[in-house]
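Please open the model in a viewer and keep the sequence panel at hand. The tour proceeds by selections, each followed by a description of what is found there.

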Amino acid sequence: MSAVFDSFSRFYASSIGKKILVALTGLILIGFVFGHLVGNLLIFAGQDAINEYGHLLQTALHGSGVWIARVGLLLAVLVHIVATVSLTKQNNAARPDKYGQHKAQVSSKSSHTMIWSGLTILAFIIYHLLHYTVRIGNDFDKDAYKIDLHGEKVHNVYKMVVDGFSWAPASIFYLIAMALLCSHLSHGFSSLFQTLGISTDKSEPLFKKAGYAFAGLIFVGNAAIVLSIWLLGYGR
Amino acid sequence: MPLDSHIPSGPMAMKWSKHKQDSKLINPKNKRKFTILVVGSGLAGSSAAATLSELGYKVKCFCFQDSPRRAHSIAAQGGINAAKNYQNDGDSVHRLFYDTVKGGDFRAREANVHRLAEVSVNIIDQCVAQGVPFAREYGGMLANRSFGGAQVSRTFYARGQTGQQLLLGAYSALNKEIAAGGVQMYPRTEMLDVVTVDGHAKGIITRNLVTGKIEAHAGDAVLLCTGGYGNVFYLSTNAMGCNVTATWRAHKKGAFFANPCYTQIHPTCIPVSGDYQSKLTLMSESLRNDGRVWVPKKKEDIGKPPGQIPEADRDYILERKYPSFGNLAPRDISSRAAKEACDDGRGVGPGGRGVYLDFAEAIQQFGAKTIAERYGNLFDMYERITGESAYKQPMRIYPAVHYTMGGLWVDYNLMSNLPGLHVLGEANFSDHGANRLGASALMQGLADGYFVIPTTIANYLVHQKPGSVTAEHPEFKKALEVCTAQTKGFLACKGKRSVDSFHRELGLLVWDKCGMARDRAGLTEALKRIPELREEFKTNVIVPGSGDACNPELEKAGRVADFMEFAELLCLDALNREESCGGHFRTEHQYPDGEAKRDDENFCYAAAWEYTGDLGKPTLNKEPLSFEEVHLAVRSYK
Amino acid sequence: MSQLNLHLKVWRQNAGQPGHFQDIEAPDIPDHASFLEMMDIVNERLIAKGQDPVAFDHDCREGICGMCSMQINGVPHGPEKATTTCQLHMRKFRTGDTIWIEPFRAKAFPVIKDLVVDRSAFDRIQRAGGFITVRTGSPQDANALPIGKEVADAAMDAAACIGCGACVAACKNASAMLFVSAKAGQLNTLPQGKPEKDRRTLGMVRQMDKEGFGNCTNQYECEAACPKEISVRWITKLNRDYAVAIVKEALGNSPKVAGGGD
Ligand SMILES: Cc1cc2nc3c(=O)[nH]c(=O)nc-3n(C[C@H](O)[C@H](O)[C@H](O)COP(=O)(O)OP(=O)(O)OC[C@H]3O[C@@H](n4cnc5c(N)ncnc54)[C@H](O)[C@@H]3O)c2cc1C
Ligand code: HEM
Ligand code: SF4
Ligand code: FES
């Protein structure tokens with residue numbers, strides 16, 4: 001057991017090891033972001049649909065499902081953050097004397113700002129959790145946000161979302177975060193296949209395209225919800 | 001002094017086996033007590049250092065580059081010969097031996113050449129085992145190509161980077177031994193002198209090129225694997241750092257310098273474009289497998305674009321003069337043919353110093369794609385340097401100094417006349433006679449390092465008490481002082497001319513008077529001019545900076561000072577050798593058709609020069625050469 | 001042939017001291033000269049004026065030894081693709097251009113003087129496993145082990161690396177992954193190198209980390225700057241080989257990591 005642990009700590013201490021963890025956790029987060037978007041889009045299917053979905057999540061595995069997911073995601077985010085912050089620090093330390101001129105020839109802007117897009121997403125995640133999950137500083141826990149669904153009293157996700165995005169500052173922050181997530185993914189998505197040792201000359205262009213498509217989808221999908229509520233008054 | 005080359009007795013084909021049997025062995029426990037100083041980390045040095053360390057000796061290895069992997073061997077492009085006969089085209093150890101002796105124009109030592117041909121096959125096995133990625137056929141077998149001076153395909157190659165791949169192989173073996181603690185590596189360290197104690201080479205003086213520190217290293221034997229002296233010509237295909245310093249200073253400590261006038265001119269180099277030029281670039285002569293060498297028949301045509309000169313007005317000089325070898329004639333012969341055409345006023349390009357190497361026909365026959373596969377990197381290189389595309393117009397080429405067959409005299413054990421001082425690779429004189437065939441320098445470097453010295457060094461060491469001399473010995477102190485004083489002298493001179501300007505002038509002089517063709521008048525003139533230039537160098541050179549830090553100008557000053565002295569010996573030897581052979585062409589000695597005329601009666605010997613303290617008056621020692629197997633004959637490639 | 005008038009901004013530094021850019025005018029430079037020949041001309045003029053010439057590394061001047069190393073206008077080896085500094089020619093510049101000339105910068109490549117840096121970290125990485133353990137002697141006949149042309153060619157692609165360090169210089173993280181992956185990849189690809197594959201991979205990666213190089217962020221600036229066009233696919237392979245080796249080390253019968261290194 002300790003030999004395995006030793007190996008793991010050496011794995012984590014190594015450059016490639018950390019990166020593999022970033023890629024794996026990134027993959028988990030990608031899965032989550034996608035699932036989350038699909039769920040969110042139910043808002044366009046009407047109040048009942050999304051509330052039913054919310055209720056399902058809350059009660060899966062007798063209510064423990066959501067916790068398993070939360071802990072898993074929290075872990076993934078934590079590992080992702082701790083590893084990327086440490087990598088970024090090492091990277092900065094690897095060139096203490098900067099160039100007078102340093103030109104990037106092929107890399108994208110997004111790939112140079114991963115830590116900033118990432119940290120903004122982190123700030124957003126915290127805000128988002130406080131906003132909709134812990135529900136601090138709002139009335140989303142009150143009775144006004146309970147509703148009858150098939151004879152059961154459930155949380156009115158629909159109303160919560162609609163009310164949440166009717167407040168401009170929240171919407172704007174949400175949009176910025178989604179744009180940066182899009183940027184993060186435009187590099188991160190295809191990058192993870194390289195880190196995991198999967199990319200080939202033929203598959204990498206496909207991963208790149210898939211990455212742009214995915215990043216675009218996440219942005220457009222999530223932004224559509226915000227914009228249609230905030231600007232078009234959907235659901236109000 | 002009589003020269004004993006210690007050639008084993010017995011039939012040629014058995015000499016090396018017999019010598020291996022007869023060579024002394026050193027008890028494994030004792031090996032660890034011997035320290036061997038290996039100067040140089042090219043093919044010869046790296047392979048020797050690694051193998052000696054594997055055997056158990058303690059090794060210190062030195063090179064002036066920042067990493068042993070960058071030794072000049074890295075630049076070899078074309079390939080390495082071996083008598084594997086994988087092509088079933090009639091090759092054998094004997095044929096490689098024969099070709100090499102003949103190619104050397106009967107001025108090499110037969111026994112050494114035979115040994116070289118014998119171990120050539122082991123080299124390939126060794127390199128493949130190390131992971132050297134030689135070219136292969138689809139079936140997974142090794143591929144071969146043919147090379148100048150041979151009618152069989154026995155050359156192994158790794159794209160256009162054979163030297164780099166072989167050196168990386170030797171470097172990996174060296175690394176393995178450094179990691180294992182057997183070799184201590186000193187990169188960015190230049191050897192300034194050999195230290196002799198009671199007539200034996202027991203150490204060296206070095207300068208650390210980063211800190212400037214001048215240090216003494218003692219050992220039980222010294223191996224010089226420091227490459228050739230082609231940079232005496234300033235412009236050559238050699239790397240900028242190649243120098244004669246190590247061998248020259250050893251010479252001044254008593255080691256004989258043999259056949260310095262045997263210098264090789266390579267036919268397929270990119271012509272000089274201006275006086276700022278710092279080096280010449282060689283393109284592998286494998287280009288001549290598909291390229292055809294020509295010049296316009298008529299002088300009026302030299303200014304015309306080549307495409308506008310009709311077939312009938314082209315003179316394919318090599319095909320015309322040497323119908324059976326054609327464009328694959330040996331280097332000296334091809335080079336001279338180009339020079340003749342240019343002297344005749346039919347040269348092309350700037351200054352009329354160039355001939356065409358035309359691929360149009362090959363491109364038509366095999367397609368541009370195949371040609372690109374074969375020579376793509378060379379074509380790219382040519383285009384980068386000249387701005388012209390060889391796919392669209394013929395290349396322009398001109399001969400350039402490339403390799404030096406001469407070097408320190410060694411016996412069959414690769415030991416010089418100075419006991420303990422061994423010399424390997426291009427730095428020695430033994431295997432190529434007056435001309436080296438393509439793809440055989442790499443072979444020699446690795447043969448010496450992997451297979452010869454590990455056996456033969458014991459014949460010296462067995463008589464030595466390990467560690468008997470330390471760097472505390474007064475001889476080391478003395479040598480340290482001399483080297484320190486020289487360095488200080490350069491810095492204190494504060495003259496007007498840069499080191500490079502002297503080197504350029506010396507190079508041009510030697511190239512003019514002692515280059516592709518030499519004659520008495522020119523050599524005499526050079527011999528008068530060289531000492532003058534040397535005197536001016538002493539009083540008028542400027543070396544900025546300090547001695548106790550990284551100072552490239554100071555490094556160059558030391559090297560050029562040695563070239564200044566060596567150049568005189570080079571010309572003296574050329575003047576002494578009243579014949580033409582291989583790379584040494586005396587215009588007084590030629591057949592009516594312009595071919596080199598050897599004089600076997602009077603010059604069938606290796607000239608081993610001894611330093612006397614007077615640079616202009618060295619003593620000539622002769623090692624007579626006898627030819628038992630390959631009978632002396634006029635070397636003809638017609 | 002025409003002449004160029006250039007403005008140079010050259011990094012000057014002595015080991016262990018802070019450096020600075022020096023403005024040097026370089027008029028009348030022949031456009032057929034190579035970049036290093038341009039530097040030679042500049043140095044000759046500095047010497048004539050009694051000033052300290054610019055120190056730079058170089059040797060073969062034909063793009064194979066990997067010694068030359070200059071960051072030219074923010075790009076290692078300058079603007080030409082697949083070209084070393086020594087093979088770069090002045091005809092690629094225009095008269096009036098300002099040219100920034102800096103050393104390859106990385107913590108693992110300390111400056112020795114001006115443009116000369118210490119790249120011995122590469123040697124130490126190689127010593128940590130970049131070899132096949134075979135003694136000089138009589139290995140089997142070279143043709144006893146057939147190696148498919150594709151495999152041999154792939155190994156040759158990796159082996160073309162000249163160890164110049166441009167990949168490190170180009171990378172925003174000063175990562176040495178392209179170099180290390182090419183070196184490990186050549187041997188890991190060949191059947192001769194298979195027995196030591198895991199040991200080699202772990203040894204070299206660990207030494208690389210110890211030297212203080214940064215981490216790869218998959219931006220491929222290294223590949224773009226590499227004068228020998230080493231492909232980032234070698235990095236893919238190194239990532240894969242490392243993952244396999246580490247899993248085997250953790251769960252299998254653990255190999256010992258190649259010794260030495262520093
Ligand atoms: C462009 C070119 C192409 C060639 N192509 C081929 C080819 O295709 N086939 C072939 O067979 N041959 C070829 N050759 C010839 C061949 O490459 C060399 O002859 C051979 O590699 C020499 O090896 P070496 O080990 O003797 O010396 P080198 O490789 O020159 O090594 C010399 C070593 O000595 C060190 N050194 C030198 N002086 C000192 C000093 N004073 N102090 C400390 N260290 C010192 C250097 O640092 C270096 O490590 C070519 C040569 C050139 C120039
Ligand atoms: C939903 C949230 C997130 C997703 C989907 C995500 C996804 C990814 C992916 C797929 C990668 C590429 C991994 C690789 O190259 O192998 C990546 C890299 C990175 N992530 Fe995230 N990430 C998220 C959140 C964050 C956060 C909160 C941070 C904050 C620090 C962050 C910082 C980084 C950094 C710096 C990298 C670059 C690492 C590298 O290229 O080596 N990410 N991310
Ligand atoms: S991978 Fe390319 S850039 Fe990096 S050291 Fe090798 S040749 Fe230079
Ligand atoms: S000087 Fe050798 S690669 Fe540039």
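Begin by selecting C:Ala82, which sits in the loop that runs between β4 (75-76) and β5 (98-102) of chain C. The coordinates belong to a predicted model, and the backbone of this residue deserves attention. Phi of C:Ala82 is near 50°, a positive value in a residue other than glycine. Most residues other than glycine have a negative phi.

Remain in chain C and move to C:Asp114, located in the loop between β6 (111-113) and β7 (116-117). Here, too, phi is positive in a residue other than glycine, with a value near 45°. Is C:Asp114 buried or exposed? Its relative accessibility is 2%, so C:Asp114 counts as buried, the cut-off for that class being under 20%.

Next, select C:Asp241, a residue of helix α8 (residues 233-251) of chain C. With a relative accessible area of 5%, C:Asp241 is buried. Which residues does C:Asp241 contact once its neighbours within four places in sequence are left aside? They are C:Asn188, C:Lys197 and C:Thr201. For one of these partners, a distance may be displayed: the C-alpha atoms of C:Asp241 and C:Lys197 are 8.0 Å apart, although 44 residues separate the two in sequence.

Now display the whole of chain C. Its secondary structure consists of eight helices and seven strands. Along the principal axes, the C-alpha atoms fill a box of roughly 65 × 40 × 35 Å. Of the 262 residues in chain C, 68% are buried. Among contacts in chain C with a separation of 6 or more, 70% are between residues 24 or more positions apart. The chain exposes about 8,300 Å², and carbon and sulfur atoms supply 51% of that area.

To pass to the next chain, show chains B and C together. Two pairs of chains are in contact, and the pair formed by B and C shares the most contacts.

Hide chain C and view chain B in cartoon representation. Chain B contains 17 helices and 21 strands. Its radius of gyration is 24 Å, close to the 26 Å that the globule rule gives for 638 residues, so chain B is as compact as a globular protein of that length. The box filled by its C-alpha atoms, taken along the principal axes, is roughly 75 × 60 × 50 Å. Buried residues account for 68% of the 638 residues in chain B. Of the contacts in chain B with a separation of 6 or more, 74% involve residues 24 or more positions apart. Chain B exposes about 20,700 Å², with 52% supplied by carbon and sulfur atoms.

Within chain B, select helix α5 (residues 110-130) and helix α12 (residues 441-461). At what angle do the axes of these two helices cross? The axes come within 9 Å and cross at roughly 100°. Because angles of 65 to 115 degrees count as roughly perpendicular, α5(B) is roughly perpendicular to α12(B). Show the side chains at this contact. From α5(B), the participants are B:Arg115, B:Leu116, B:Val119, B:Ser120, B:Asn122, B:Ile123, B:Gln126, B:Cys127 and B:Gln130. From α12(B), they are B:Met443, B:Gln444, B:Leu446, B:Ala447, B:Tyr450, B:Phe451, B:Val452 and B:Thr456. Coloured by residue class, the contact of α5(B) with α12(B) divides into 10 nonpolar, six polar and one charged.

Restore chain A beside chain B. No contact joins these two chains, and their closest C-alpha atoms lie 21 Å apart.

Turn finally to chain A alone, which has nine helices and two strands. Followed along the sequence, the elements run α-α-α-α-α-α-β-β-α-α-α. The C-alpha atoms fill a box of roughly 60 × 50 × 35 Å along the principal axes. Of its 236 residues, 43% count as buried. Residues 24 or more positions apart account for 70% of the contacts in chain A with a separation of 6 or more. The accessible surface comes to about 12,400 Å², and 71% of it belongs to carbon and sulfur atoms.

The last selection is A:Val82, in helix α4 (residues 64-93) of chain A. At 48% relative accessibility, A:Val82 counts as partly exposed. Add A:Gly233 and draw a C-alpha distance: A:Val82 and A:Gly233, which are 151 residues apart along the chain, are separated by 40 Å.

Methods. Residues numbered from 1 in each chain as written. Chains lettered and ligands numbered in written order. Predicted model: local features only at pLDDT ≥ 70, side-chain atom pairs only at ≥ 80, totals over all residues. Heavy atoms only, no water. Axes fitted to C-alpha atoms, helices over the stretch in contact; angles between N-to-C directions. Helix = DSSP H or I, 4+ residues; strand = E, 2+ residues; numbered from the N terminus. Parallel < 35°, antiparallel > 145°, perpendicular 65-115°, else oblique. Contact = heavy atoms within 4.5 Å. Nonpolar A, V, L, I, M, F, W, Y, C, P; charged D, E, K, R; others polar. Rg over C-alpha atoms; globule rule 2.2 N^0.38 Å. Buried < 20%, exposed > 50% of the residue type's maximum accessible area, 1.4 Å probe, protein only. Areas by Shrake-Rupley, 256 points an atom, 1.4 Å probe, with all protein chains shown as cover.
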